[in-house]
Amino acid sequence: MSASNPNYADNVPMSTGQAAISLRTLNTQAFNLTPTALVTLYEIDVSDLRYENDTFNPDEEPVFRFHNNVKLFANEIKWQGYTYYPAPISAQGFEYSSNSTLPTPKISIAVPDENISDLVRLKKTLKSLGDLAGAKLTRIRTHAMFLDADNWTVIGGTPPGYSPDPYAQFEPDIYFFSRKSADNKNYLEFELTSFIDLDGLKLPNRLLLSQRCTARYRGEGCLYEYEANRVTAEHGSDSVLPIGGTTDNGAPPVANRKDETFIGNLLPSSIKAVNYQSNSSESQITAFSSSQNYKVGDAFYVTKDNLKYYYVVIQEPPIGTPPPNDNYYEADECSKTVHGCELRWGGWPIDSPPFYGGLPFVGFPGANRIR
């Protein structure tokens, strides 16, 4: 029972005394013969899905907040400083039974959005992610008398009998989207599962590979290429991470999947352009252009699903020849071994945060058999 909005005006550490008062008033209202209306709020958090799908955006709110108490309010509800929007949402199946089985609720979202801003954002996110499986849903319940005082500003103040209390709420119900159970022109329906529901779960949930990195090269977990704002948001402003694309001293192509380096193995050592480590304008890698006359040693990238794929010219191609084409281009790929990781991070100062001397190798070398 604590306010979760760091910008909430009344967000102060809750003392033991305050917790006792809020709990007592909540119980009093719950057992009252004429209680104020029970308000149910819903939060859908897709932040984990955006990390997994490499669609992270620090400027975009990953939590969507709704309520379906249309008989109580026809507009937004303020709770703990957050705004919850009215939406055509139906949820059922949260009740616990006595047969030792966990509830498996379902939530339905009507397709017409009726110009509800957060519902429009949610549907755009659903379209970009493809599914909500893995997103977190939190059901919050409190009585109308405890809602924020901001709800009553339009009528000039809090009505008699109402006492705003951001700590007076029932224990939140936390579930995760399991699968889409219905999808038609009228509504979307999803099945939910509890985070402690282990039925059908197979262990190990993640493979422990000692010799192979499980991260997607240049994607989430790899860290070899990051956007500047993402470095600051996730690892702090003092972190040193290679930034790819057109930035100097970025994340240049290094080797193919066989750990054959471009300079010294696949290309003559006299070709220096592929290093892209100078501060001149020639050091910038750009996206592939069908009108560009590429020379041996040049590098470019193509973007797919928000991930950049780099290629190096090993033989001068006819203008307009797109990748992949083994006759003219060699793809920059990681072998997923520790050696492949060392080839890319050897020239970087990994003695600073967030690594402090280690490699960001997403594998488990310590899991190997001891002889």
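Colleague: How far apart are the closest N and O atoms in the salt bridge of Glu 43 and Arg 65?
Modeller: A salt bridge is a side-chain nitrogen of Lys or Arg within 4 Å of a carboxyl oxygen of Asp or Glu. In this predicted model, Glu 43 and Arg 65 form one. Their closest N and O atoms stand apart by 3.4 Å.

Colleague: Which atoms do side-chain values use?
Modeller: The model is predicted: local features need pLDDT (the predictor's confidence in each residue, from 0 to 100) of at least 70, side-chain atom pairs count only at pLDDT 80 or more, and totals for chains, interfaces and linings use all residues. Residues are numbered from 1 along each chain as its sequence is written; with hydrogens and water left out, side-chain values use heavy atoms.

Colleague: How many residues apart in sequence are the parts that Glu 43 and Arg 65 tie together?
Modeller: Strands here are DSSP runs of E, at least two residues; helices are runs of H or I, at least four; both are numbered from the N terminus. Glu 43 lies in strand E1 and Arg 65 in strand E2. The pair therefore ties together parts whose separation in sequence is 22 residues.

Colleague: Are Glu 43 and Arg 65 buried or exposed?
Modeller: Buried means under 20% relative accessible area, exposed over 50%, partly exposed in between (1.4 Å probe, protein chains only). Glu 43 has 14% relative accessibility. Arg 65 has 10%. So both count as buried.

Colleague: Which strands stand at the edges of the nine-strand sheet?
Modeller: Two strands pair if DSSP finds at least two bridges between them. The sheet is open and mixed, in the order E3-E4-E2-E1-E7-E8-E9-E6-E5. Each edge strand has a single partner, so one of its sides has no neighbour in the sheet. The edge strands are E3 (77-79) and E5 (89-92).

Colleague: By how many degrees are neighbouring strands of this sheet turned against each other on average?
Modeller: Axes are lines fitted to C-alpha atoms, for helices over the stretch in contact, and angles run from 0 to 180 degrees between N-to-C directions. For this strand average, direction is ignored. The value is 35 degrees.

Colleague: What angle does the direction of helix H3 make with that of E2?
Modeller: H3 (residues 117-129) packs on the sheet. Contact means heavy atoms within 4.5 Å. H3 touches E1, E2, E4, E6 and E9. Its direction and that of E2 make an angle of about 135 degrees.

Colleague: Which residue stands opposite Arg 179 in E9?
Modeller: Strands E8 (residues 173-183) and E9 (residues 187-194) pair in the antiparallel sense over seven bridges. Opposite Arg 179 in E9 is Glu 191.

Colleague: Which residue in E12 does Tyr 301 stand opposite?
Modeller: A second open sheet has four strands in the order E10-E11-E12-E13, with mixed pairing. E11 (residues 299-304) and E12 (residues 307-313) pair in the antiparallel sense over six bridges. Across from Tyr 301 stands Tyr 310.

Colleague: Which residues do salt bridges that share partners join into one network?
Modeller: Arg 218 and Glu 225 meet in a salt bridge at 2.8 Å, N to O. Arg 344 forms another with Asp 332, at 3.4 Å. That pair links distant parts of the chain: Arg 344 in helix H5 (residues 338-345), Asp 332 in the loop between E13 and H5. The network joins Arg 218, Glu 225, Lys 308, Asp 332 and Arg 344.

Colleague: What is the phi of Arg 218?
Modeller: Arg 218 lies in the loop between E9 and helix H4 (228-235). At 4% relative accessibility, Arg 218 counts as buried. Arg 218 is not a glycine, yet its phi is positive, at about 65 degrees.

Colleague: Which residues does a cis peptide bond join?
Modeller: Omega of this bond is about -5 degrees. Pro 324 sits in the loop between E12 and E13. The joined residues are Pro 323 and Pro 324.

Colleague: Over which residues does pLDDT stay under 50?
Modeller: The chain averages a pLDDT of 78. Among its elements, H4 has the lowest mean, 65, and E13 the highest, 92. Where pLDDT is low, the predicted coordinates should not be read in detail. The stretch under 50 covers residues 275-282.
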